[in-house]
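User: I'm new to this one and would like a walk through it. Could you show me the structure first?

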Amino acid sequence: MAIGSITNAHVTYNDNAPTVAVPSGAVEGNVYALFWSNLAHGATLTWPDGFTEVSDLAYEANFGVDLRCALRVATGSESGSFTGSTTSWQHWRTVCAVITGVSATPDDAGGNGTYAYASSASLTGASITTTGADRVILWAAATLSGGSAATPTLTPPAGLTTDTVIDFGNGSTIALADGTQASAGSATYSGSMGFGGVDDSRSGVILTIALAQSGGGGGSSALTGASSTTAVGTAKSSISRGITGLSASLSAGSVRSSSAGALSGAMASFGAGTV
């Protein structure tokens, strides 16, 4: 799994058609993750063609900040822009990322919001529950300030890697991070926000999405767990020993020597990684 190119856009005038450039580099089977945030909770959003919204959203009531996400499987031929529509243009911001090696059907998703009058604050994420091992965790957070122009910071929890932090100005920021949850079960991915030491009204939201890895999972475990390479190497060693023993028995005379030779050749190919 990897996060590829990322594009972003935000409203600069009365515009009810959120538009963001298609990120470059996607090939067939990759997944586009499109995030959208605004200050009008409950506004109707029509996603661009081919996108399906995840089951939950993040919301903070004091400022009415939403953070939503939709996913689309890439065909590899997309170009230009993705354009949606909304019934409220107020302060919309959008970010689109290419993700490789994941399913476009979320295992689980959860959102939560935090309000504080402070120069910094902890952000509490929602609990999510994964149903299998090695789930990719996609963490998105957004902030909005009550007026301070101090550049915001957004920090994901330990174990996740920050992919981008986009400052839209006037205390408005969106950040993306990712990692891997090795074992099935419940977990909460929180974080923190900061505003350059300036006290003000702050709103922050986190949306966490768990995605199965495509091709049956596997890969490295960024949070816990061992590399799948170890298990594969152990299995190959055991099978190789079995083939060696069978080849020796056949060479003893119970089957023609040509069969024993064929099995020895298969053993050598297996050890070389060709079968």
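User: Before we start, what kind of model is this, and how many disulfides does a search of the whole structure find?
Analyst: This is a predicted model, where local features need pLDDT of at least 70 and side-chain atom pairs count only at pLDDT 80 or more, while totals for chains, interfaces and linings use all residues. Residues are numbered from 1 along each chain as its sequence is written, and side-chain values use heavy atoms, with hydrogens and water left out. As for disulfides (pairs of cysteine sulfur atoms within 2.5 Å), a search of the whole structure comes up with zero.

User: Why is Cys-96 not bonded to Cys-69, and how far apart are the sulfurs?
Analyst: A disulfide is a covalent bond between the sulfur atoms of two cysteines. Cys-69 is in no disulfide, and its nearest cysteine sulfur belongs to Cys-96. Seen from Cys-96, the closest cysteine sulfur is the one in Cys-69, and that is too far for a bond, at 9.0 Å.

User: Is Cys-96 buried or exposed?
Analyst: Let's set the scale: buried means under 20% relative accessible area, exposed means over 50%, and partly exposed is in between (1.4 Å probe, protein chains only). Cys-69 has 0% relative accessibility, so that residue counts as buried. Cys-96 also has a relative accessible area of 0%, which makes Cys-96 buried.

User: Now the sheet. In what order do the five strands of the open sheet come?
Analyst: Strands here are DSSP runs (E, at least two residues), numbered from the N terminus, and two of them pair if DSSP finds at least two bridges between them. Strands of a sheet pair through backbone hydrogen bonds, either parallel or antiparallel. In this open sheet of five strands the pairing is antiparallel, and the order is β11-β20-β14-β17-β16.

User: Which are the edge strands?
Analyst: Look for strands that pair on one side only. From one strand to the next, the sheet twists by 15 degrees on average (axes are lines fitted to C-alpha atoms, and angles run from 0 to 180 degrees between N-to-C directions). The edge strands are β11 (102-118) and β16 (161-169).

User: How many bridges join β11 to β20?
Analyst: β20 covers residues 200-213 and runs antiparallel to β11. One pair of bridge partners is Thr-114 and Gly-204, the latter in β20. The count of bridges joining β11 to β20 is 13.

User: What stands opposite Val-136 in β20?
Analyst: Val-136 is on one of the two covered faces of β14. β14 pairs with β17 (residues 172-181) over nine antiparallel bridges, and there Val-136 has Thr-180 as its bridge partner. β14 also pairs with β20, over 10 antiparallel bridges, and in β20 the residue opposite Val-136 is Leu-211.

User: How many of β14's residues are buried?
Analyst: Both faces of this strand are covered. One side includes Ile-137 and Trp-139, and the other includes Leu-138 and Leu-144, with these residues buried. The tally for β14 is 11 of 11.

User: Which residue does Arg-135 meet in a salt bridge?
Analyst: A salt bridge is a side-chain nitrogen of Lys or Arg within 4 Å of a carboxyl oxygen of Asp or Glu, and this structure holds three. Arg-135 takes part in one of them, at 3.1 Å from N to O. Arg-135 lies in β14 and its partner in β11, so the pair ties together parts that are 28 residues apart in sequence. That partner is Asp-107.

User: And what is the N to O distance between Arg-68 and Glu-53?
Analyst: Arg-68 lies in β7 (residues 65-73) and Glu-53 in β5 (residues 52-53), so this salt bridge links parts that are 15 residues apart in sequence. Arg-68 counts as buried at 9% relative accessibility, whereas Glu-53 is partly exposed at 30%. Their N to O distance is 2.9 Å.

User: Last one: which residue's backbone oxygen does the side chain of Thr-94 reach?
Analyst: Thr-94 is in strand β10 (residues 93-100) and is buried, with a relative accessible area of 3%. Leaving aside neighbours within four places in sequence, its contacts (heavy atoms within 4.5 Å) include Thr-7, Trp-36 and Phe-168. At 2.9 Å, its side chain reaches the backbone oxygen of Phe-35.

Conventions: Helices (H or I, at least four residues) and strands (E, at least two) are DSSP runs, numbered from the N terminus. A polar contact is a pair of N or O atoms within 3.5 Å; within protein, one must be able to donate a hydrogen and the other to accept it, and residues adjacent in sequence count only if both atoms are side-chain atoms.
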